[in-house]
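Hi,

Here is the model I promised to pass on. Have a look, and my notes follow underneath.

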Amino acid sequence: MTAPTAGLPAHLVDFVGALRRTGIAVGPGESVDAAAVMAELDLLRREQLREGLAAAMLRRSGQRAVFDALFDLWFPLGQGAALGEVALPYAEDGSVDVEALRDLLAGLLRDGDTAAMAELARAVVDGLGAVGRGTGGQGQGQGGGGDRGEGGPGGRPSSWSAYQALNVVRPETLLARVLADLRRGRETQRSRARPDDPDAGWDSPFAEEVSRREVRERIASFRRMVTDETRRRGAEIRGREAAARTGVPKQGDRVDFLTANAEQLADLRRRVAPLARHLASRLAARRRRARRGPIDLRRTLRRSMSTGGVPMRPAHRRPRPGRPELVLFCDVSGSVAGFSHFTMMLVQALREQFSRIRIFCFVDGCVEVTDLFGPGNDLGGVMAEITARPGLVAFDGHSDYGSALGRLREGWPDVVGPRTSLLVLGDARTNYRDPNLAVLGDLAERARHVHWLNPEPQAQWGTGDSAARRYGQVVPMHECRTAAQLAGVVSGLLPV
Amino acid sequence: MSSEPVGQKAQKALFDSVDDVATRLADVGYIASTAVATTVFLADRLGKPLLVEGPAGVGKTELARAVAEATGSGLVRLQCYEGIDEARALYEWNHAKQLLRITASQGASWDETRDDVFSEEFLLPRPLLTAIRREDPTVLLVDETDKADVEVEGLLLEVLGDFQVTVPEWGTITANQRPFTLLTSNATRELSEALKRRCLFLHLDFPDAELERRIVLTRVPQLPEALAEELVRIVGVLRGIQLRKAPSVSETIDWGRTLLALGLDTLDDAAVRATLGVVLKHRSDAERAVAELRLN
């Protein structure tokens, strides 16, 4: 049997290849499942096909965004402009009437009509997003909406730009206008409902805030639609392989902590919480085995069957998983600013899993901040409070691991004991000062485990002022730049 | 059908098409998104278990109940928890009764007694065996699979792969009909790759506004439509705020019921303030929402 070279099977194999290149492990078994899915479904129902393929090929939720982007490239909605019923308004001289377009968009944003917004996004990219076609972005609409794009007078554009299209439409600037529209709508509705109530026309800050956030989200989704559409059109010019390489977002667990944007951080936050739970159960595992619980009557009786009903070997109940002690030692200096946000998320998540946890933060001094991470505390203000603590900065505010370790040892001599797991979070850049290896070695000897999570790539360890290599000889150090790496560290910590 | 697994008796499909799934689930009060309807249809057609993952309260367990009701199948549920073992998941011999039988039959020959104490009468079937032995159409729900230990996953692999169970004293029992199997997980731990590979995967997330409105109206039919819409809007905004526990569909439904019970017909500030505890279960979440949405 030879590999398919044409038709649907070949296309599917090609799609699988693209998924694999982004790091989604799709095995041959999944490909076969996907083919079976295609045989069962009506291929003309695109959304069903999308969901069906996702069900057969994906194994975790974080892969969905990547899958969707690639699906749109390999199974595009259509070729060329593929315009719907919503068309761009044109002025008499043939250029796009931007004001009318903004009116149209404002109306759609107000009503939250997602389907029409998607159609408008396609039209906007078609009419305003073309780069390198004669007069550039403004297009040359001759016959109006429908049949432009493919055979347009300017020929095929050299590329498409979401930035250019959005710069003309400027959907953000519509926020105030849409909000005012909405407010007017609510007020008339209310005063009609209760004509005698003088307060009826008044709108509360809460209602205002809710609709503001709602409209902001709709604007953001319109921007996403335009970006997605640009990627699709771009793929037609450059080929989908090229578009897949550059335009498809990274999988959430491969995003670098130090360079994550706000949206990715929110995603990271969701990933870190289960990892902390995982870590807690790993650290507790040994304790569970070591202890014996009370006699388990049912299992003892069952065992006694092999000795004629005489209970020779009593069975014990497994004790509840114990909660080990954890000490966290976190660098919060400027050099790890991006990482410390992640540190705080991990600390907060661990705080909920461990009953006995002590948290220390340091720059060149060292302070205990356990009280700031009370259950249910909000993370937002914590960072500011930590930096305001006296004692965190002892000398000049440049991180000094050696002196911080020394202070931990002096100020809290009993904090690390034989049942403690010590977790150090930091980049080990100690500004050419004494790394104080002896203290860390001493702590490592006294603690049950010590692990060091370093947000720097391994290649940079030991370069410049980094003492990572030297610390790494004393305690196990793990590179921990993405959620995937953290998961690897956690599952490698203790074999279950 | 070509996709029917080898060695399995040809089995009547539960559903005709994806739309059929959606309509019949809607008839029993479960409003399914395209994703849900498609995966349920495929799980049935391909004869594979369906692994549903997602936040708490989006209707994972409810889906199994709805499928069972829509297809007239019996629902067999295996609730997983930490420490669940073979004896609780598969089957167990009733030792006490076996002992009684042995003591009561003093003098009977060994062969007789042995054959007797390992008969049907002394077997306690647990959910997995029950589901496999049932003659009627069955929906098997393995709930909160992530709570179970890794060893149980191995057991599930065997059972879900071939739908057969080996009882040493009896031999192998093969399913008469392949139960429609649904596994749920809150993703507190990664399930093993081997288990995931045997399943179709569905990530069930919060529904979009339109779908959620329909769900609320189906579940709380007395709720005025305008109020339901308002409710869904506010819950949508709450999900956009960084909360420890974002409100789920079940919270939206609870909120609707609460408003109805209190006889509130509009959702003004006072009403939201008074009932916010229904949607936000953590004190810090409620405080944060009040501050961010300028509710005070």
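How many of the 11 residues of helix H4 (residues 64-74) of chain A are buried? Eight are, so to call this helix mostly covered is fair, with buried meaning under 20% relative accessible area, exposed over 50% and partly exposed in between (1.4 Å probe, protein chains only). The buried ones are A:Val66, A:Phe67, A:Ala69, A:Leu70, A:Phe71, A:Asp72, A:Leu73 and A:Trp74. Helices here are DSSP runs (H or I, at least four residues), numbered from the N terminus.

A quick word on ground rules. This is a predicted model, where local features need pLDDT of at least 70 and side-chain atom pairs count only at pLDDT 80 or more, while totals for chains, interfaces and linings use all residues. Residues are numbered from 1 along each chain as its sequence is written, chains are lettered from A and ligands numbered from 1 in the order in which they are written, and side-chain values use heavy atoms, leaving out hydrogens and water.

Now the interface. Chain A brings 43 residues to the contact and chain B brings 47, contact meaning heavy atoms within 4.5 Å. Together the two chains bury about 4,200 Å², with 54% of it on carbon and sulfur atoms; buried area is the accessible area (1.4 Å probe) that two parts lose on being put together, summed over both. On the chain A side, A:Glu40, A:Arg59 and A:Phe206 lose the most area to chain B, together 18% of what that side buries.

Seven salt bridges cross between the chains, each a side-chain nitrogen of Lys or Arg within 4 Å of a carboxyl oxygen of Asp or Glu. One to look at joins A:Glu209 and B:Arg294, at 3.1 Å, N to O. Helix H9 (205-238) of chain A is among the helices that each supply at least two residues to the side touching chain B, and H9(A) gives the most, with nine residues.

H2(A) is worth a look too. It has 13 residues and reaches 19 Å from its first C-alpha to its last, close to the 18 Å expected at 1.5 Å a residue (1.5 Å times one less than its number of residues). Its buried residues include A:Glu30, A:Val37 and A:Glu40. What covers them includes helix H1 (7-21) and H3 of chain A, plus helix H2 (34-46) and helix H9 (193-197) of chain B.

Last one: B:Thr275 sits in helix H13 (residues 269-279) of chain B. B:Thr275 is buried, with a relative accessible area of 3%.

Cheers
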